[in-house]
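Let's take a walk through this protein together, with the sequence and the model side by side.

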Amino acid sequence: MTVEDPPPLAQMGQLSDALERERRKLKALQDIGAALGSTLDLDELLSMVLDRIGQVMEADRSTLYLLDEDKGELWSKIAQGTQFREIRLRVGEGLAGWVAQTGRTLNIRDAYQDLRFDGEWDRRTGYRTRSILGVPMKNHHGRTIGVVQVLNKTSGDFTEDDEALLSALSSQAAVCIENSKLFLSVVGKNIELLETKEALERKVCELDVLFEIAQISASTDGLEELLEGVLVRAMRAMEATAASILLVEKPLGALRFRSALEAESKLHCIHVPVGEGISSWVATHQHAQVVGDVTVDPRHSERLYREFGYVAKSMLCVPMRWDGGIGALALIDKNQGDGAFCEDEVKFATVIAGHAANAIHLAESRAQRAREDRLSSIGQFLSGVLHDLRTPMTVVSGYVQMLVDEEDKEKRQGFGSTALRQVALINSMTRETLAFARGDRTLWVRKVYLHRFFEELVEQLKRDLSESHVTVELDLVYRGVAYFDAQKIQRAIHNLARNASEAIGAKGGLFRIRVCKCEQSGDLLLSFRDDGSGIPEAIRTRLFDSFTTHGKSGGSGLGLAIVRQIVDAHGGSIKLESEPGRTVFTIRLPLAFRQPS
């Protein structure tokens, strides 16, 4: 067995050089990998990568170009040297542009011998470019995203080994850049999402405020309560310390200044002459104003804020307008940041002011309708009272005239007694009408002999309805006793009879009263039947409400409401059955009176 000869020294030197190159390559890759893990900031990352590439490649200068695909340009984000500079090249222009266009490595020993080289930058800076090595920088899809270019190797020309090393370094740099771009893209998306989230939260807050103002508008009757609710919500939405609303007084043209502090729920009300204060100016000129320092504004009124009890610094004031009125909404001193409002907040404040103006208009319209309804109700009530009093007044008038001409003393006494009874009836009707208006349900319950009560009542009804050609009949099945307020029950039956007479009309007809006792409950049943036209289906469910009437020239709709109140006060019930030619009201009363709970 023979021993092999040792390798020549030349071969050992080449092997040592190869190992050194591999070591440098591995060290450079490790350094760039460390850079990849240390930062994702693109500027810092490129600076670190270029620094490592320059050292490993023994290059005098190194430049990394990134590809802008939208513009078709290469631009150097970071260039080494004495100062920062940015170079932009068209793809295909110059040596770096050729590498980007072809995707191939370029190694030139003398740049000035290559027609693609542009020496303008050397002439401007005094730098002398000799050797150039440029490689494309490709991502993991193999798509060129930039060019790495190194200049002037300090120990000679760039070799094939340098080409391989720079290609490996550029691939590693591509990974760093792609990761950095991905990170920046994710960060950008997160920022956009955060901004979108904040914008949505602001919109939700705005919608909440507008919804609450709409709720206040729908549920609040008084203007003061409405304004207080609007101010509190406007302060919360605009993050203001105080707020005020000015409304123009229609008769005098003056302004009512209503204001509220965040720490107080009390609403201050101050009368303001037209032209005094910034809010007054906004209300009369209908132009929004953002005032950073109210103390230097010539329109500012210190008197108002002394009465208000607050020293204002900044203000956002927007105009308000609705049918028949104008005003202004002022937000004072933002409780965030420097306390000043910005122009971007004018739009939201204007939307709040618009909703507040609509709410004020609705509140004023409701108040006006309520006043008109009250006047109408008073008119209808008086009409009903006069209508009820007409019959006894006519009787009194007739008997008084007969008293004047009658010489017989006994007849005069009879006429006088009849007139006095009608006057007593008028007094009773007046008391009951007033009691109904007040909701008084006081009863004078007494023992009532039914045969005597209903026989006298029928005689009265016959006289009252004789001119209407209405025949009154009585079916007195039960003739015992009951306990109720005789005058009130009489009043209720008179109202039912008068309604029957009006339903029957001039043709004449029958009004029949039936009195009996319920076998099961022992209650007193009173039924009142007429053969009139019947009650329309449309008003049956509200027949016993005040002012419900149908087909009457002078009726007020109070008659059946009074009947219902009298029956309820007795702890009874009333039921209606109606069809054309037959209408029956049935009243059920307890024989032994029980005060209803």
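A residue is called buried here when its relative accessible area is under 20%. Ala96 has a relative accessibility of 3%, so Ala96 counts as buried. This is a predicted model, so please keep its confidence in mind as you read.

**Around Ala96**

Ala96 sits in helix α3, which covers residues 94–102. Ala96 has company in being buried: the buried residues of α3 are Leu95, Ala96, Gly97, Trp98, Val99 and Ala100. Which residues does Ala96 touch, leaving aside neighbours within four places in sequence? Its contacts are Tyr65, Leu74, Leu89, Val147 and Gln149. Ile132 is 36 residues from Ala96 along the chain, and the two C-alpha atoms are separated by 9.8 Å. After α3 comes Gly103, with a positive phi near 70 degrees.

**How far to trust the model**

The protein chain has a mean pLDDT of 79, and 79% of its residues reach 70 or more. Confidence is highest in strand β17, at 94, and lowest in strand β8 (residues 255–261), at a mean of 61. Over residues 551–556 pLDDT stays under 50, and the model has 10 contacts for them beyond four places in sequence. Where pLDDT is low, the predicted coordinates should not be read in detail.

**A sheet and its helices**

Let's move on to an open sheet of 5 strands, arranged in the order β14-β16-β17-β19-β18 with mixed pairing. Its edges are β14 (470–476) and β18 (573–579); each has a single partner strand, so one side of each is left without a neighbour in the sheet. From one strand to the next, the twist averages 15 degrees.

Inside the sheet, β16 (residues 509–517) and β17 (residues 524–530) run antiparallel and are joined by 7 bridges. Across this pair, Cys516 of the chain stands opposite Leu525 in β17. Helix α12 (residues 486–504) packs on the sheet and touches β14, β16, β17 and β19 (582–589), with its direction at about 145 degrees to that of β16. Helix α11 (residues 450–465) lies across β14, β16 and β17, and runs at about 175 degrees to β14.

**Nonpolar cores**

In soluble globular proteins, nonpolar side chains tend to be buried together. The largest nonpolar core here has 40 residues, and those with the most contacts inside it are Phe454, Phe484, Ile493, Phe511, Ile513 and Leu524. Elements giving two or more residues to this core include α11, α12, β16 and β17. A second, separate core of 33 residues includes Ile216, Leu226, Leu227 and Leu247. Back in the largest core, Phe511 has contacts beyond four places in sequence that include Leu461, Val470, Leu496 and Phe528.

**Salt bridges**

Side chains of opposite charge can pair when their charged atoms come close. How many salt bridges does the structure hold? There are 19 salt bridges, and three of the pairs are listed below.

| Basic residue | Acidic residue | Closest N and O atoms |
|---|---|---|
| Arg299 | Asp297 | 2.9 Å |
| Lys334 | Glu345 | 2.6 Å |
| Lys488 | Asp485 | 4.0 Å |

Arg299 has 21% relative accessibility, so Arg299 counts as partly exposed, whereas Asp297 is buried at 13%. Glu345 and Lys334 are both buried, and so are Lys488 and Asp485. Finally, Glu473, Asp475, Arg512 and Arg514 are joined into one network by salt bridges that share partners.

Terms used. Residues numbered from 1 in each chain as written. Predicted model: local features only at pLDDT ≥ 70, side-chain atom pairs only at ≥ 80, totals over all residues. Heavy atoms only, no water. Pairing = 2+ DSSP bridges. Helix = DSSP H or I, 4+ residues; strand = E, 2+ residues; numbered from the N terminus. Axes fitted to C-alpha atoms, helices over the stretch in contact; angles between N-to-C directions. Contact = heavy atoms within 4.5 Å. pLDDT = per-residue confidence, 0-100. Buried < 20%, exposed > 50% of the residue type's maximum accessible area, 1.4 Å probe, protein only. Core = buried A, V, L, I, M, F, W, Y, C linked by side-chain atoms within 4.5 Å. Salt bridge = Lys/Arg side-chain N within 4 Å of Asp/Glu carboxyl O.
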